[in-house]
Amino acid sequence: MKKCTRLMTYTVFMLFSTLSAGTYAADKLINTDIVVVGGGSTGLSAALTAAEGGANVVVLEKNPYLGGSSNFAEGLFAVESEYQRATSYGLTKDEAFEHIVEFNHYKLNAPLIRDFVNNSADNIDWLNKRGVDFKLIQISPTEPRVWHIIKEKDQFVHGGVLISTLQQKAKKLGVRFMLRTPAKSLIYKDHKVTGVEAVDHKGNKITLNAKAVVIATGGFGNSKEKIAKWTEYNPETFLPALPLNKTGDGIQMAKDVGADTEGETLMPFLGARGKGIIPLQGINTMTWQPNNLWVNSSGERFTNEAVAFSFAQAANAVGREYGDMAWAIFDDASVDHAALKGVDNGVGVIVPVTTKLTGLRDEIKNALAVNSDGFKTASSIEALATEIGVPVDALKKTYDNYNSYAENHYDPEFVKEHRWLTPLNQGQLYAVKMMPYHFTSIGGLSVNTQMEVLGHDNKAISGLYAGGCDVGGLYGDTYTLWASGHAYAFAVYSGRMAGESALKALK
């Protein structure tokens, strides 16, 4: 799709522009004020904040480009912003804070969340002043109007705008970017972090002495080993959305000097799984539609399918079923609706609500032509049961019950809202295998409201700060999707706060 192509163009552009701008001699020793480990939105926000305060800053990034998953993110959460004021939208900071802590059953760092919510509008203002503009949207019927989508700028879209803008401003202030240079360990002396040991792409060891270090490595979502060790999820079935080399380096380095951690988990979402199915295209988008019938490997319904509006909770529902999978069933009328009227539930803003899946029929033909293990069709529910390998009698009963609920406009099993209860009895029936993926890991280092990393004694480790997806205490066991853009907004906010705290430590 056009936007995906533009995102890839952006990534290539960033790769070559930052490589050319960030080449350097094989330094063995560097003395600086602040080292930021990680060049995504957290790291760039920290680096720019510190540089604007007069500090000398070095950013270490192990990838050959900046931005990480922030290149592909779309918008930021905020409450009581100028964008909301312009639409007379009335959600308050107090209401948002109360909802977030309730949603997470108070299993979070409430003082940190309170500060974040209270300053979320200022976060948007800070980016505005540095050249990032937004538009306000409501992503689904179940969420408030809090998602501030980053507007396109020049050749960049969404997260690419934010990353390129912050990088350019940081470079003008003298921030030094060292790409393909992963940090390996923290320098820890006399109960204080005093720098970082790193290795460049040629194998040269580099020692960076600093007065403060900010961890901003983006979590551990690409490490099967750490997912298996640190979370309850199976890394063989909960697959990462993108191979971004996020292997928990920052969290591990901090743990090695005594840092405490909390709440390590994943930000899961549902997607199609199987041969011949194209990511982010029509068949995948159909798994996010609320009017499907979902059945497990026993051919039984197990949830209100309109949970699809909340991608993380939808993944929770499917992820607890046997094999971490389920089937989404729909009919020809559903395909026609998606093609002619557009989808009722989008995939972020990559596939917006009402997008017409005009190529869906061709995708279906192609998936069937390669005998996809993840997409099947039949002219009857009995035949479809055989195709997907579930008990015929069980699926027939589930299907008949579901259609009767739709005809009566009431779901006595899971109380699905009647507008999403559509009979599935028109033409061919289709089934697509759904399995969980994840956008990123969430949870990690324990911090205070100043973004200082805490040790096992609950005291700050001197000289060490962290932000973004390396930080714990933000969620209970599930990402707060109600607060759309929460993780992205926190990445910027926590980077700014870490930068400000590190500046104070220099004085």
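A: Let's start with a definition we'll need: a strand here is a DSSP run of E with at least two residues, and strands are numbered from the N terminus. Keep in mind that this is a predicted model.

Q: Okay, so which strand does Ser-185 lie in?

A: Ser-185 is part of strand S8, which covers residues 183–189.

Q: Is Ser-185 buried, exposed or partly exposed?

A: The general idea is a pair of cut-offs: under 20% relative accessible area is buried, over 50% is exposed, and partly exposed is in between. Ser-185 has 30% relative accessibility, so it counts as partly exposed.

Q: What is Ser-185 in contact with, leaving aside its neighbours within four places in sequence?

A: For this we ask which heavy atoms come within 4.5 Å. Ser-185 touches Val-196, Glu-197 and Met-253. You can also compare sequence with space: Asp-249 is 64 residues away from Ser-185 along the chain, yet their C-alpha atoms are 8.7 Å apart.

Q: How much of the whole chain's contacts link residues 24 or more positions apart?

A: Take the contacts with a separation of 6 or more: 72% of them are between residues at least 24 positions apart.

Q: How many helices and strands are in the chain?

A: You'll find 16 helices and 19 strands. As for the overall build, the radius of gyration is 24 Å, close to the 23 Å from the globule rule for 507 residues, so the chain is as compact as a globular protein of that length. And 59% of those 507 residues count as buried.

Q: What about phi? Which sign do most residues have?

A: Most residues other than glycine have a negative phi. Now look at Glu-80: its phi is near 65°, a positive value. Glu-80 sits in the loop between strand S4 (75–77) and helix H3 (82–86), and with a relative accessible area of 42% this residue is partly exposed.

Q: Where does Val-415 lie, and what is its phi?

A: Val-415 is in the loop between helix H15 (392–408) and strand S17 (429–445). Its phi is also positive, near 55°. Val-415 has a relative accessible area of 57%, so it counts as exposed.

Q: Last one: what is the mean pLDDT of the chain?

A: Think of pLDDT as the predictor's confidence in each residue. The chain has a mean of 94, and 95% of its residues reach 70 or more. Watch residues 1–25, though, where pLDDT is below 50; in the model that stretch has 49 contacts beyond near neighbours in sequence.

Conventions
Residues are numbered from 1 along each chain as its sequence is written. This is a predicted model: local features need pLDDT of at least 70, side-chain atom pairs count only at pLDDT 80 or more; totals for chains, interfaces and linings use all residues. Side-chain values use heavy atoms; hydrogens and water are left out. Helices (H or I, at least four residues) and strands (E, at least two) are DSSP runs, numbered from the N terminus. The radius of gyration is taken over C-alpha atoms; the globule rule is 2.2 Å times the number of residues to the power 0.38. Buried means under 20% relative accessible area, exposed over 50%, partly exposed in between (1.4 Å probe, protein chains only). pLDDT is the predictor's confidence in each residue, from 0 to 100.
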